[in-house]
Amino acid sequence: MAGAALYDSEQSIHGGDSGAMGYDPNYVPDSVKSFAVHMYRHIREKNVYEIHQMYETSFQSISDRFFKDTPWPSVDAVAPYVDNDHVFCLLYREMWFRHLYARHSPTLKQRIDSWDNYCNLFQVVLHGVVNMQLPNQWLWDMVDEFVYQFQSFCQYRAKMKSKTEQEIALMRQFHKAWNVYGVLNYLQALVEKSTIIQILENEKEGLEQFTATDGYDYSGGSNVLKVLGYFSMIGLLRVHCLLGDYHTGLKCLLPIDISQQGVYTSVIGSHITTIYHYGFANLMLRRYTEAIREFNKILLYIFKTKQYHQKSPQYEQILKKNEQMYALLAISLSLCPQVTLVEETVNSQLREKYGDKMLRMQRYDDEAYTLYDELFSYACPKFITPSAPSYEEPLINYNQDAYRLQLKLFLYEVKQQQLLAGTRTFLKVYSTISIGKLAAYMEVDEPTLRTILMTYKHKTHSVDLDGKVSSNADVDFFIDDDIIHVVESKPSKRYGDYFLRQIIKLEAKIADIDRIKLE
């Protein structure tokens, strides 16, 4: 901890006004020298605590003080202070590019250089002998940033109208940079080489420890490959969601049991990203109850713990994802009104944010479709078209094509739910009703009603990854001898929630009374 304080307190006469003087990539302020030297030493000593402090605190404070408007010094300028260590220079460049993406707009050449650096870094991890222990936060950030930069490059490449001839020539020359197959291959290679799937299987049988140690190796080995492999499964889920392949994305996540605490919950960004994409994929596959259940759990977790992350660099991203997941929960509950799956705390927040909109979304008129469109557009991932443009044809922007396709598919599903809303209303009224009578009420003939009822069954049931069929419906039915028998799920009463809310109110009243000064 003393090491982390050292870099925060150091002054640099030249570094403070680097933006005004112009950026010199070869100038290394004293604070950066100290940062590089001490970080290099801590990595060699496998001092995970100090590495984490420097990575989370010192790097941010130095960036805020000296590099708000400019990149960090180049790796060539820093290398002499760390014995020109190849692996450390790759790690330093990884942080260098991450800072560049966060605070500036990278050029095409810088995007390509960042890809090359990730390739070199992952090649070392996959094929070299890596004898390091790095904090889970850093390892998660590597995978997270790798996928983010891939997404950013696809969006950048799809805006062809504004490209110069030089940029087009560069894109043609480095056509393998951020290629979707390359990205997927690296993530998959990390999963396979780390043998993380086998490790997690062995852990279930008590043969190995991974989750209990948060992925760290306390026997003197390295955690880098294993934890990168673990987080790469989450990275694969995210990439497949960006491509609109939700089924494959969920299959990639199968080895991680998200119903339990795991290494993914040890980093708040990893936890939120996992559940956000897992919930969204289930929503798009019509597994509404699973999406509702997981959104409820993570939103409750964020509600209870977000105050502890206010000083974290990820705080704004946590709040943004929190709002997006409330929007996705509103969509899920509007399509599948299983309110009993939602905790009272989350439900009250949801009513406050989207109560009025959710009522209007039940009508399935033009206004309802507009609201579904609005919430989906706000909360969905930034979908990508991974293919390169055709340079021979007239250059057009196609960065919105993937989003428009996913929105079209989603709204088509919403429209199919319109007829079911009326069916569900009638089924809630009766415990038994003949097909003829219900057909008369709905003003359709009996064959048409049977088709509608079959559609209701189809749309309120989904198939999970194991091939098991489960129901999303709060109102189900079966037909026996032309009589419809309605089965409505009865919500279990939650007395605990009620008592907890009353206790909190009582404590607030007592606190108010204590503040009153009796004369």
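Reader: In which helix is Ser334 found?

Author: Ser334 belongs to helix 16, which covers residues 315-335. A helix here is a DSSP run of H or I with at least four residues, a strand is a run of E with at least two, and both are numbered from the N terminus. This is a predicted model, in which local features need pLDDT of at least 70 and side-chain atom pairs count only at pLDDT 80 or more, while totals for chains, interfaces and linings use all residues. Residues are numbered from 1 along each chain as its sequence is written, and side-chain values use heavy atoms, with hydrogens and water left out.

Reader: Why is Ser334 called buried?

Author: Its relative accessible area is 2%. Buried means under 20%, exposed means over 50%, and partly exposed is in between, with a 1.4 Å probe and protein chains only. Ser334 therefore counts as buried.

Reader: What does Ser334 touch, leaving aside its neighbours within four places in sequence?

Author: Ser334 is in contact with Met358, Met361, Gln362, Tyr364 and Tyr372. Contact means heavy atoms within 4.5 Å.

Reader: How many helices and strands does the protein have, and what share of its residues is buried?

Author: There are 22 helices and 5 strands. Of the 519 residues, 51% are buried. The C-alpha atoms fill a box of roughly 85 × 85 × 55 Å along the principal axes. Among contacts with a separation of 6 or more, 73% are between residues 24 or more positions apart.

Reader: How do you know that the span of helix 10 is close to the expected one?

Author: Helix 10, residues 180-194, has 15 residues and reaches 21 Å from its first C-alpha to its last. The expected span is 1.5 Å times one less than the number of residues, and for helix 10 this is given as 21 Å.

Reader: Which residues of helix 10 are buried, and what covers them?

Author: Among the buried residues are Val180, Val183, Leu184, Tyr186 and Leu190. Their cover includes helix 7 (108-127), helix 8 (136-158), helix 11 (196-204) and helix 12 (224-243).

Reader: What makes the approach of Asn179 to Tyr181 a polar contact?

Author: At the start of helix 10, a side-chain oxygen of Asn179 reaches to within 2.7 Å of the backbone nitrogen of Tyr181. A polar contact is a pair of N or O atoms within 3.5 Å; within protein, one must be able to donate a hydrogen and the other to accept it, and residues adjacent in sequence count only if both atoms are side-chain atoms.

Reader: What is notable about the phi of Thr195?

Author: Thr195 has a positive phi of about 50° although it is not a glycine. Most residues other than glycine have a negative phi. Thr195 follows helix 10 and lies in the loop between helix 10 and helix 11. Its relative accessibility is 43%, so Thr195 counts as partly exposed. Asn84 also has a positive phi of about 50° and is not a glycine. Asn84 sits in the loop between helix 5 (75-78) and helix 6 (86-103). At 55% relative accessibility, Asn84 counts as exposed.

Reader: How many aromatic pairs are there, and why is the one of Trp115 and Phe146 called stacked?

Author: The structure holds 29 aromatic pairs. The rings of Trp115 and Phe146 are 6.2 Å apart, centre to centre, with 15° between the planes. Rings of Phe, Tyr and Trp (its six-membered ring) pair if their centres lie within 6.5 Å, and planes under 30 degrees apart count as stacked, over 60 as edge-to-face and the rest as tilted. The pair is therefore stacked. Trp115 is in helix 7 and Phe146 in helix 8, 31 residues apart. Trp115 counts as buried at 8% relative accessibility, and Phe146 counts as buried at 0%.

Reader: What makes Phe376 and Phe410 a stacked pair?

Author: Their centres are 4.6 Å apart and the angle between the planes is 15°. Phe376 lies in helix 18 (residues 366-379) and Phe410 in helix 19 (residues 401-429), so the pair ties together parts 34 residues apart in sequence.

Reader: How do you know that Lys163 sits over the ring of Tyr156?

Author: The charged end of Lys163 is 4.0 Å from the centre of that ring. A charge sits over a ring if NZ of Lys or CZ of Arg is within 6 Å of the ring centre and within 35 degrees of the ring normal. Lys321 likewise lies over the face of Tyr276, at 4.4 Å from the ring centre.
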